[in-house]
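Biologist: Could you take me through one part of this model up close? I'd like to start with a sheet and then see what sits around its strands in the chain.

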Amino acid sequence: MHYITDKPVEATLPPNSTLLLIVDPISTSCRIAQEAAKRGHHVGAIWTTTTTLEERDPARYGCASLRYKFELVEGRDWSAASGEEIGIVQSVVIETARGFNLTIAGCITGSGLPRSSQLADGLAKQLGLSPCTTLTTMIDVRNKFTQQTLLETAGLRSIKQVRGLSLDDESIASFLDNDKYPMVVKLDEVGIQGGKIKLCHTKQDAKDHFQYLLQVIASSKNGTSAQIICQEFLRGVEVMVDSVSHNSKHKTCMVWRYDKRPANGERHVNFGMIPMASESHEAALAIPYVSQCLTAMGMKNGPSHAKCIVTIDGPILIELNFRAHGGDGSWCHLARALTGGYSQVEASVDALLDPAAFEQLPDAPLGPFNAHGLQVHLVSHSAGEVTSLPGFQVMKHLPSFVSLSTDVTVGSLVDYTTSLSTSPGVCVLMNKDESKLNKDLDLVRYLEEINALFDYKTKVESLARPTAATYSKQQQKNNRMDDMEKPSLVRIFSNDPKLTRQGMLMKRMTTIDASKEVVVVVDPYSTGCLVVNEIQSRGYQVIACWTLGFSAEMKTHTPGAAGKMKYYAEVDELEELADTVRAIYEAAGKLRVVACIAGGEAGVDCADAVSERMNLRTNGTQVANRRDKKIQQELIRDAGMRSVRQAAGSKWEHVEKFLQTEHYPVVLKPTDSAGSDGVKLCHNIEEAKEHFHHLFEVEAVNGGYNTEVLCQEFLRGKEYVVDQVSRDGVHKTMMVWVYDKRPANNSAFVYFGMVPVDPNSMEAKILIPYARGVLDVLGVQNGPSHAEVILTPTGPCLVEMNVRAHGGDGNWRSLARGLTGGYSQVEVTVDSYLDKKQFSITPNLPPTPFKASGQEVILVSFSRGKVIGTPGYDVIRNLQSFVYMETGIKVGSFVERTVDLFTGIGSVILMHEDESVLNADISRVREMELNNELFEFERSGTMLTNASQRHLSEIIVGDDF
C-alpha cells in the first residue's frame, strides 16, 4: 500500500498544445484533469468564490500529483458584476491561453454548484465550443423542478410535484392535503446552506419543514430565487447511472445500486454502492430511460450522472447532474477493473479531447464484469476522539483491498453514522474470486460491529447502575429542567392476580398495640419510602427526620409503589444532637418512640447517633464515620480481609503519589457517596486530576458538598450485591444479585440488568460469609445493609458497604418476594426492629431453588431522537413474565444512546414460574432494543442525495492499482 505521491503527473503521450478548462475542479473533476494531463493535454483551472482554498487542493481528492497549467482566481485575476462576468472571464482566458500558445479544446464544470455550471456553459458558448447542454441559455436545466417538467413534456415518467413559496398556495395546500405520505420537501436549488432535503411523514411535518426552508431562503447570504418543492416519495431500488455524452450521443459508463439499511436509529444509512451488470433487470430498464432523459434535457457534451428509483412501474428520475459522479472519484479504480480499462473519468476525456476514442467505447459496459467488487461506505457504531486506526490497517491488508478514502486521522472526532456526512470513509474492494470478496466484506462489517475501526481517547466511565433517579436525567438535561423539579417517571404495574397468590403483596401484621407507638425514619427516600409504608401497614406512626443539607428534590424522591407519603410529623436535624432528640420527642407527643431507622444513605450517621442517644436498637457510634468508604477499607484491611488499594484526601497533593504509581484505570468517588454519586472510572492521571477537582465543585446528590475524594484501584471481576438484615449481630441474607454489565455504544460498562444468584451457588457461598464478616468488622449489629462486592481472581473484595436498604427505589421488591415466596429486605428490616419473633423464623438464606425465575432488565437504547411514540411499552406490558416497569421516557422526551447511568431509559421486572418463558421474554426485550423498536422517533429528515461532493482528505491505494 502507498499514499499517492506529490510528484507531478508524467504525460503518457507527447505533450500537445490543447487546453481543457475546468471551472471549480473539485472532487471527481480533479481526476478528469489528471487523466487529461497524463495524455499530454494542458489543464487550466478557473476558480470562483464559491470554492475555498482548502477545496482547491487536488491532494484532497487523491490527485496530489496534478499540476494545472494555470489557475485563474476570481478576485485576483478577474472580477465582474453579474451579466458581464462571462465576457470578462473569456477575455482573461483567451489572453492567458495565447500567452502559453495553447488551443482551447473544451470547457466543463467541475462542481455541481449553479454558478460554476452557468459560467462553464456560458464560457464554452462564447469560446465557440460545445456547451454541456443546449438548453442552458434558455432555462435552468439543472433545477430539479424544471427537470421533472421537461420529462413530463417529453412524455417520460416523472415525479408528481408542486413548487412555491407559500403554504397558502392552492397547489401546495392541495398537494399536502391529498398526496400520500411520506413525501419529500426540498429546495429546487442545490448548494444553499441549511437547505436540507427531508422525508416528511405527516402533513404537519411537511408544513414545519416548508416553513424552515422559507427561513433558509430568507437568510441566504448571496440571495436566491430558490423555491420549495413538495414531491411524492418513490419506493423501489435506488440506482445511479453514470453517462458521458459527445455531440448528443450518450454512453453509459456504469450503473450502481445503493445499499441502504437501518443503523444507529436511522432507517436509510448508506452502506455502499454496488455495480450492476448492464443486463440486470434494474440496469436494463434504467439505461434507456436515462438516455431519453438526457436527450429531453438537451445534454450534448461531457459527463453526467442520474439518480433513479426503479419502481414496480419502471424507472423514475430523481435528479440529473450535469457533471461527473462525485464521491471524489473513489469508485474509478473499481469501474476500470470491472470494464477492462475505462470509467466515466477516461470516457469524459475521450468525449472532450479524443472523439475517435469515445466512438470506440461500448454504449454500456459489456458483461460479464472482469471481476467482482463494490464500494463500501464505512459505518461507525461508536463515537469518540480517535487515537489510532487499527481497522484501517486490517482493511489495507485484505486480498480484495483497492483503496480507502477517509478524512479520519488521529485526533478526529468520529460520530455514529446516520448519514453520508457522518460516514468515516469509503473502502473499495475487488477480487476475481467472489467468495474471497464476500469474506473480506464480512470482515469489514464485523470490524464495524465490534467497534474495531478506531481506538478512542478514553472517557471517564461511570461505574454506577442506573436507577429511577437517573431515568429522567435525559429529559431534565435536554429540557433544561430546574434542578429541584421532581423527576417525571412513568410506572406500569402488572394486574396479574398470581402475584398476590404467590405472597408477593402479603400484608404483615404486628401482635402489639402499635397505634400508641411511633418510628423515626431518617431521610426516607427511594427504598426507604417502602420501609415507611411497611411500618405504617403494621399500625405504627412514622416521623420523618430530615438531615442537615438534605435537598428538597430528594425529599420528593418517592417510588411509584410507595404512593403519596404521609407522616405523623416531620422534623429537621439540628446542629446539636440533644436538640434533634428533643425535637423528635416533641413531635411524638404522647406516642412512644420505639425505633429509629435510616431511610437512605444520608441518614445513616444521624440514625445511629439518635438511636444510641434514645437508647433504642442501634449500631451505635463506636465506629466513627462508618459510611466513609476509605475507613471501611482500612478497617477490613486491619482485620486481615481483602481490601482495595486506595488513597483519599481533600487536596490533590494527598492523592497525587498514589495516582502516579497505581495501575490504571482507577476509581474516584466521594468518601461518603450514595450509590451513583460521583463514581467515575478514570483511565489516566489527567482524567483523575480533572475529576478530583470536579467533585469539590458539584453538589452531592443528597445535598451539601463533598469534603474528601477517595481514589481506589479498579477491581476486575463480576460485581455482586449482597442484601442482608441484622438483629443483635445475627445476619440474615435476603438476596444475592449479580449485575449484568456489557459493552454497548462504545462504552465499556453499560448495565443490562440485575440477576438473582442461587444461594447454593459457589459464588454465593464465597460472597455471603465475606459480606457478613465485613458487617462484624464495621460493628453493624442491627438493620438492613447491602454490600457491593467484586469477585476478583483472588477472592471477594469490598467495593462499599451501605448500612441501609438496597436502593433502586426498591423496584426489586416484588421480584424478591416472588423468588423467596413472600418476603424481601423491606419486610425483614421492619421485623428486625419491631417483630423479634418474625425475624427469628425468617430463613438464614433465601430458598434454593427459588420459587420462580426472574430478573431486573435494565433497558438500553441503541438509537437517539425525540420520542413521538412508545410502542415497545405495550409489547413489554403484555409479556407473560411482566411484573413492573419504570421509565423516565415518554412522548416528547429526547433519548440518547445508553452509555452510562444518565442515559439509562428504564427498568423492567420480569418473573415467571417457567424459566423458558422468562428467557423468551428477555430475548424479546433485547431484540426490540437492537432493532430500535422501543420508541418511535421524530424523523429528523432523511438525506436522499449521494455524497457527490464529499471531500475525503486521504486516499490510500493498493499496490496493484
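Modeller: Sure, and keep in mind that this is a predicted model. Let's start with an open sheet of three strands, ordered β18-β16-β20 and paired antiparallel. The edge positions go to β18 (413-414) and β20, and each of these has a single partner strand, so one side of each is left without a neighbour in the sheet. As a reminder, strands of a sheet pair through backbone hydrogen bonds, either parallel or antiparallel. Here, β16 covers residues 384-388 and is joined to β20 by two bridges, with the two strands running antiparallel. If you want a spot to click on, go to serine 388, which stands opposite aspartate 455 in β20.

Now step back along the chain from β20 (455-456) and you land in the loop that links it to α12 (434-449), where isoleucine 450 lies. Is isoleucine 450 buried, exposed or partly exposed? Its relative accessibility is 41%, so it counts as partly exposed. Isoleucine 450 also belongs to a nonpolar surface patch of about 320 Å², together with Val394, Leu443 and Tyr446.

Helix α12 itself has a charged pair worth a look. In general, side chains of opposite charge can pair when their charged atoms come close. Arginine 445 and glutamate 448 do this through a salt bridge, at 2.9 Å from N to O. Why does the spacing make sense? The two residues are three apart in helix α12, which means about one helical turn separates arginine 445 from glutamate 448. Both of them are buried, whereas isoleucine 450 is partly exposed.

That pair is part of a longer list, as the structure holds 42 salt bridges. Another one joins the side chains of glutamate 534 and arginine 538, at 3.0 Å from N to O. Glutamate 534 counts as buried because its relative accessibility is 4%, and arginine 538 is buried too, with a relative accessible area of 3%. These two don't stand alone: a network of salt bridges links Glu534 and Arg538 with Arg813, Arg817, Glu827 and Asp831.

For one more, try arginine 617 and aspartate 728, whose side chains meet in a salt bridge at 2.4 Å, N to O. Arginine 617 is in the loop between α19 (604-613) and α20 (629-638), and aspartate 728 is in the loop between β31 (718-727) and β32 (730-744), so this pair ties together parts that are 111 residues apart in sequence. Arginine 617 is partly exposed, with a relative accessible area of 24%.

Notes. Residues are numbered from 1 along each chain as its sequence is written. This is a predicted model: local features need pLDDT of at least 70, side-chain atom pairs count only at pLDDT 80 or more; totals for chains, interfaces and linings use all residues. Side-chain values use heavy atoms; hydrogens and water are left out. Patches are made of residues with over 30% relative accessible area and no salt bridge: like charges are joined within 9 Å, nonpolar side chains (Val, Leu, Ile, Met, Phe, Trp, Tyr) within 5 Å. Accessible areas come from the Shrake-Rupley method with a 1.4 Å probe; for residues, only the protein chains shown count as cover. A salt bridge is a side-chain nitrogen of Lys or Arg within 4 Å of a carboxyl oxygen of Asp or Glu. Helices (H or I, at least four residues) and strands (E, at least two) are DSSP runs, numbered from the N terminus. Buried means under 20% relative accessible area, exposed over 50%, partly exposed in between (1.4 Å probe, protein chains only). Two strands pair if DSSP finds at least two bridges between them.
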